[in-house]
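This report walks through some local features of one protein model, taking backbone details, strand pairing and a pocket in turn. Please keep the structure in view while reading.

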Amino acid sequence: MKKHLFSFIFLISFVVSAQNFENNWTGHFSYVTVNSITQGNDKVYAAAENSAFSYDLSTLQTETISTIQGLSGENISTSYYSEEQDIFIIGYENGLLEIITSDDDVLTLVDILNKQNIPPDRKRINHFNEYDGILYISSDFGISEYNLETLEFGDSFFIGDGGSFVSIAQTTIDPPFIYAASPESGILRALFNNTNIINFEEWDTLSGGNFKGIQNLNNQIFCLRGDNTVFQLETGTGFTQVASFGQSVIGFKAFEDLLTVVFSNRIAAYSANFLLEAQINNIPDFDYTLASGLAFDDTFYLGTNEFGILEVPFSNNQTNQILPDGPILNTPFSLASSPGQLWVNFGDITVSFNPYPLSKNGISNLKEGAWTNIPYSGVLEANDLVNISINPDDANQVYMTSYNKGLLKIEEQTPTILYDDSNSPLESFLPGSLDIRLYGSDFDRDGNLWFVQSRVDEGLIRLSPGGSFTKFDITDVITDTASSLALSELAVSREGYVFFAGVNDGLVGYRPNGGDFNIISDVEGNGNLPTNNIRALTFDANNRLWIGTLEGLRVLFNVGGFFDENSDVEAQAIIISDDEADVGQELLESQTITDIEVDGSNNKWIATTAGVFYLSPNGQETLLNFTKDNSPLPSNNVQDIAIDDFSGTVYFATINGLVAYNGTSTAPRDNLEEVYAYPNPVRPGFEGSVTIDGLMANANVKITDIEGNLVYEETSRGGSIQWDTTAFGKYKVRSGVYLVIITSDDQLDTAVSKIMIVR
């Protein structure tokens, strides 16, 4: 008899305290979808898709917790608040567990996640049940005990046939028994105090089949079968049907003296003997779909997919929406920033540029610290919005390209025009249906918006400031446009040269003043691209074109020479010198690059599917490398980057949410009237660098002590520099007042600032 099959996957408690990133990062997660609701400590706790928030019932304030505070950013499956221990517990689809303490520390439990003997598809956490200080964790492999006082795992129960894995949806305890509901094995029961409960043979099957819930309400056991029938388990092993629902039940939870039953559009509360106390079938002004729900204190808390939590008292329909500020979704696709604002869209096309099934997601705008969300109905029904261009001469005018519907114009946060085949020269590439596939776009210095359309001969288009469209035939360089997969990114040089990417064909350049095209590719001797599949095009401060592809990085150093018939045009790899090797290494070789952005110091932020790289102007030095393991990035798959040049804030759009890094490199100013240093004063214990901001390009910055002794000197690349508070890197300077003397490149502007240092 195999009584100890559990032993070969025994869980050893391994608790890690997660790092808090609040000093340098900001989270911009969406909380509209609430997958789990729990209550305690006079607060309602809500688990969203990959973050969480609490709602204080006394102060009516919300507080968020995300990767910034140390959460993993993975998909949350369930949550629970322990009143006795004053902790909030989160379970994930991948088996990870996280505990948020009363001090807001995040403790990470990786035991289940890392256990190799448990298959990945058997690690999902389904439910938490606390009894006498022990947390019973229902998962897709069985049941585990976790001691909330000692923070240690106890036994694990594998109670399928022969001690095999079996999915457990919920557990409950009514001494002397512990009960388990399984979608695979029905209702199981064992003696709670049985010292051999880890033996699967000690568990009895009370009813076979598919059961997805079991709850104890005032010592009455109610079971939810997979066909949405509810039974009461009578003394002994008898089942009495108490309800049968024509809708699928998605939530089944007993709390205090009520059992909450949740459907996709309805929520109901039952008391002892399964007596209906209250229900809600609809809420005026909210077209919701439910994902979770909880009833207590004669109030419903509806966890929706679209509106966060809706709080509705039993006695009336007065609805209170509980929703922390944030964007519409946690799947940002494209970003664009101007001073003080950020635009986000959520287009959902595949890596092979297929927009189907069409996504109808709306857009979001962050301005002066507050989010404005515009739903699909408010963007003139423009679906699959994939690229954003902010007019550099008027930041209130924004254009977004749709990979199905055309060109959307936004003014003062309001979508005003959707250009398509009915009101512009844009034409569908499919006769008889609307399919206008626009992607990359950029403004030139004359205020013209350039953009590309896939699958048509006139694939390059210019929209003038006056609203006139001009289309350019590209068949000189891409002969079979109908079969070409797509035209992707576009960037305009300082001379007005337009470069865009043909995903099957390579890099195309167009010179408007000459009317000529040229193209380079991955063919040897004609371009040196690692692949024709280009996903990022960006000009830096030196007018060099940085090219990101699905298989690596290239730089076009001579943009003007691209159109010279007498010269071979080659994009160059950046080779990182290695003192210990004879041959250097290619920067980001074979990496999938999704975006490249240039900050005020001409440094490069590069988004990849393996995190973010921050490079020096020439790419020879990696200044920072952010991944999910060392930063609050909720995913290593970073879709896009945007930089606020005046604040230095760098936004990262990942497939699991949006976060921002408080960068220090800003755009150069036109004068020295707003020079300032921070932090100032520098207090004891500070180990970072002082940022001196508000500089002109190429300004000379000298820092001296009060007696005039020079301790630091640098020429600015952008609008800021950083001083590590050392004397030329040799030693930390002593306490005192230090003068910052700034002179413009032409020596016509000067400014003096002071920094107080206290050691």
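A residue is called buried when its relative accessible area is under 20%, exposed when that area is over 50%, and partly exposed in between. By that rule Arg455, with a relative accessible area of 25%, is partly exposed. The model discussed here is a predicted one.

**Unusual backbone angles**

Most residues other than glycine have a negative phi, and most peptide bonds are trans. Against that background, Arg455 has a positive phi of about 70° although it is not a glycine, and Arg455 lies in the loop between β40 (449-453) and β41 (460-463). Phe274 is likewise not a glycine, yet it has a positive phi of about 55°; its place is in the loop between β25 (267-271) and β26 (275-280). Is Phe274 buried or exposed? Phe274 counts as buried, because its relative accessibility is 7% and the cut-off for buried is under 20%.

Two peptide bonds in the model are cis, and each of them leads into a proline, as the table shows.

| Cis peptide bond | Omega | Loop that holds the proline |
|---|---|---|
| Pro175 and Pro176 | about 15° | Pro176: between β15 (170-174) and β16 (177-182) |
| Tyr678 and Pro679 | about -5° | Pro679: between β59 (676-678) and β60 (690-693) |

**Strands that pair**

Further along the chain, four strands form an open sheet in the order β52-β53-β54-β55, and their pairing is antiparallel. The edge strands of this sheet are β52 (593-598) and β55 (622-626), each of which pairs on one side only. From one strand to the next, the twist averages 15°. Within the sheet, β52 and β53 (residues 604-608) run antiparallel and are joined by five bridges, and one bridge can be found by looking at Asp595, whose partner in β53 is Ala607.

Another set of pairings involves β64 (residues 736-743). How many bridges link β64 to strand β61? There are six bridges between β64 and β61 (residues 700-705), and the two strands pair in the antiparallel sense; here Asp705 has Tyr738 in β64 as its bridge partner. β64 also pairs with β65 (residues 750-757), again in the antiparallel sense, over eight bridges, and in this pairing Gly736 stands opposite Ile757 of β65. The strands β64 and β65 form a hairpin with six residues between them, where Gln747 takes a positive phi near 65°.

**The second largest pocket**

Rolling a probe the size of a water molecule over the atoms shows where empty space is left. The second largest pocket holds about 1300 Å³ of space. Its lining is made up of 50 residues, and those that lie nearest the centre of the pocket are His127, Gln170, Gln215, Phe252 and Lys253. Which strands each supply at least two residues of this lining? They are β3 (36-40), β7 (76-82), β11 (125-131), β15, β19 (211-217), β23 (251-255) and β27 (290-296). One of these strands, β15, is also the strand before the loop in which Pro176 lies, so a reader who has located that cis bond can follow the chain back to the pocket lining. The lining residues divide into 18 nonpolar, 23 polar and nine charged.

Key: Residues are numbered from 1 along each chain as its sequence is written. This is a predicted model: local features need pLDDT of at least 70, side-chain atom pairs count only at pLDDT 80 or more; totals for chains, interfaces and linings use all residues. Side-chain values use heavy atoms; hydrogens and water are left out. Two strands pair if DSSP finds at least two bridges between them. Axes are lines fitted to C-alpha atoms, for helices over the stretch in contact, and angles run from 0 to 180 degrees between N-to-C directions. Buried means under 20% relative accessible area, exposed over 50%, partly exposed in between (1.4 Å probe, protein chains only). On a 1 Å grid over the protein atoms alone, a cavity is a set of points where a 1.4 Å probe fits but cannot get out, and a pocket is an open set with protein on both sides within 12 Å along at least five of seven lines; lining residues have an atom within 4 Å of a point. Grid points are joined across faces, edges and corners, and a volume is the space filled by probe spheres set on the points. Ala, Val, Leu, Ile, Met, Phe, Trp, Tyr, Cys and Pro count as nonpolar, Asp, Glu, Lys and Arg as charged, and the others, Gly among them, as polar.
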